[in-house]
Structure formats: structure tokens, C-alpha cells
Amino acid sequence: MPLQVIGCEVVPQLLARLMAEARVVAPHRRTGADQWAYAEVRDPCEVELEYISTVLPAKKYAFPPVEQLVRYELAERPLMEAVVESEPLVIFGAHPCDIHGLWALDQAFCDVNVDPNYTAHRSGMRIVGVDCVPDEHCFCGSMGTATPAEGFDLFLTVVEGGYLVEIGTEAGAAMLDGLPTQEASAAALAQAKERLARRIQQTTRVSAECHSLPLLLSGLADSEQWGEHATKCYSCGTCNLVCPTCFCFNVIDRMALTLDRGTKEREWDGCMLEEFSKVATGENFREEREDRLRHRFYRKYSYLFTKYGRPYCCGCGRCVRQCLVHIDPVEVLNDLIAEAEGRRS
């Protein structure tokens, strides 16, 4: 199906149709703050599609912050049952970085040991993406994630008077049935192309091509840059929690006060937390902040990048936007790149 154009007035109609079919979540402005968060849509007029970034990424709907995995009872004949719950869901207004983040989680949870809870959430999910409004912290242009090639049902790009609509799936095409659309004109295509080029230019901040990062980092494990940047870190783990591609978790047993039943719950965890690498003997094999920072960067830009062919960073800028001391991954990478280039010369 060729690219379509819809007017701005069609978006509330599209939202209303989707709300009749499933739970719909979309970006809303937080009261009294210049921040946005995904929330269930009650009124289509409250949805904001021209926004910088949500505080938490869309991953929270595929990989909830807290989730029951197992329920059990300790009766004479113990009972244990897996808990796999999901519901049809539409994520409306996801940016390309969030779509890339879901791709990264798909690899992590479905590559070898397929996670039934994750796949249940993802199988009931439809995604309507929208072009973003970058700020000074975005660097998706450096990570190759400024535009999604896949992973959406519809993708909207702002053009004069409305949106250029790219249809990614049959489900996406069905969303438009009966709504007023028109085939995209050459002028609309040119506007979308110009907008994308401008955004890539604004968000290209890393001083090396991203596919060179695994090789650049391979000789920098002993760099003093790790210690210099980690000095500021509070080890609060916020960067892990707001990251669309982080997927580490812990599993907690929660017993009832009666001690006859309980649950196993999965909770988000983070490699920047001091306790994350502590093992049963009390040994902590990443006790120092610089060890944890180095590990995080090697996971993002080397280990998983090499394994799956794309960086495990989507350049959304949430980590620096929420960091209490403004540790900027672009600054860290550029310092490391400069050091690598200096060692070669």
C-alpha cells in the first residue's frame, strides 16, 4: 500500500477507533512539569504527539517493572502455577528510539530461552510510531536509530496539515480502513525527507561511526577515562531503569504472612547498582564504580552490538536527561574515541 497522508483531525478519530478495540497508551504531559509519560488514553485530545521523550520507555509494557511469574501454595499437596497474563494493547506515539528498544528486548527475551511472559505481552501489542522532536541530549543520528525500518504497524511523520503515514503491517492497514486518507504527494514526501535529514543532523554527536565502536572499545578496557567519568556517579541505577534496551532483572520470593502461600516476582535490576554483582559468598566482582560504568558501556556498544549487529543503545538520551550528575554517554564515548585515535597516531 502506498504511503498515505492523514489530516491532524483524523488522529482523534483513529485513537477513538483503537480505544474501542483495546487499551491504548500514549504520551501525556505531566501536570506542572515539562515532561511526558505514557498513560492510558481516556480523552484523545489529551494525547501529545509533538514531544521530546517520555521519562520511562515503552518497554514497561512488554517488560513490566514488577511482574508475577509464579504463584504457589504450601499445602499438604503443594501447588505451583505459572502466571502469564497479558491484554491487547496499542502503544500510540512511540518514537523510533522506543521501537528500536523493543527490537533489542525481542532479541534478549526470544533469542534462545524464549520468555513466555514477554512474548505474551508482545504478541498482543500493536504500535503506532511517530516522528520525534529531539533535544540536545538525543543522539539517535549517531546510533542509526533515527528512523525505524520495522517494528511498527503505522508510523506517522509530521507534514504540513497532518501526517505522512507509513504502513508496516496488515494490522496497520486495517487501522486506516474507512478513515479519510489520501495518497502521499511528492511535496509531502519531500517534507518528510527534509525533516528526517534535519533530525539526523541535529542528533549526530558521537565522533565515530557507530559500527566502529566495538573495535574502538576493544583496546580501552584499561583507559583512565572510566575512572574519571565514574567519579561523579552515585550508583543510583537511574540510567538502567530509564533505558529502553536494559533488560536485567531479579526474581524475588514474596511469602504471605501466613507462610502457606506466596509468589515469585520479577523486578527490574541494574548493573550500575553496587549490589548487582554481589554473589552468595559476599564477593562483588564489580565493586568499583568505574568497573560498573565500563561494563555498562561494553554491553551497549560492544558485547551485544557484536552479537546482534546493532548497538544496544538507541540514542534516546534518557540516561543523561535523568542522571543526577549528567553523565553523558556521548561525552564518555567521544573521550574514549579521542584516546583510541591518539594511541594509533
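How do the residues of the lining of the largest cavity divide into nonpolar, polar and charged?

1. The structure under review is a predicted model. The composition asked about above is 21 nonpolar, 6 polar and 3 charged residues in the lining of the largest cavity.

2. Within this model, 3 cavities of 30 Å³ or more are counted. The largest cavity encloses about 340 Å³ of space. Its lining comprises 30 residues, of which Cys239, Arg296, Cys319, Ile327 and Pro329 are the closest to the centre of the cavity.

3. As regards secondary structure, three helices each contribute at least two residues to the lining of the largest cavity: helix 10 (238-241), helix 11 (289-308) and helix 12 (318-322). Helix 11 provides the largest share of that lining, namely 5 residues.

4. The second largest cavity has a volume of about 120 Å³. Residues lining the second largest cavity include the cysteines Cys246, Cys248 and Cys271, together with His295, Arg296, Arg299, Lys300 and Leu304. Asn240, Thr245, Phe247 and Tyr312 also belong to this lining.

5. By class, the second largest cavity is lined by 6 nonpolar, 3 polar and 3 charged residues. Helix 11 is again to be noted, since the lining of the second largest cavity receives its greatest contribution, 5 residues, from this helix.

6. Arg296 deserves attention when the two cavities are inspected together. This residue is among the closest to the centre of the largest cavity, and Arg296 also appears in the lining of the second largest cavity.

Key
Residues are numbered from 1 along each chain as its sequence is written. This is a predicted model: local features need pLDDT of at least 70, side-chain atom pairs count only at pLDDT 80 or more; totals for chains, interfaces and linings use all residues. Side-chain values use heavy atoms; hydrogens and water are left out. On a 1 Å grid over the protein atoms alone, a cavity is a set of points where a 1.4 Å probe fits but cannot get out, and a pocket is an open set with protein on both sides within 12 Å along at least five of seven lines; lining residues have an atom within 4 Å of a point. Grid points are joined across faces, edges and corners, and a volume is the space filled by probe spheres set on the points. Helices (H or I, at least four residues) and strands (E, at least two) are DSSP runs, numbered from the N terminus. Ala, Val, Leu, Ile, Met, Phe, Trp, Tyr, Cys and Pro count as nonpolar, Asp, Glu, Lys and Arg as charged, and the others, Gly among them, as polar.
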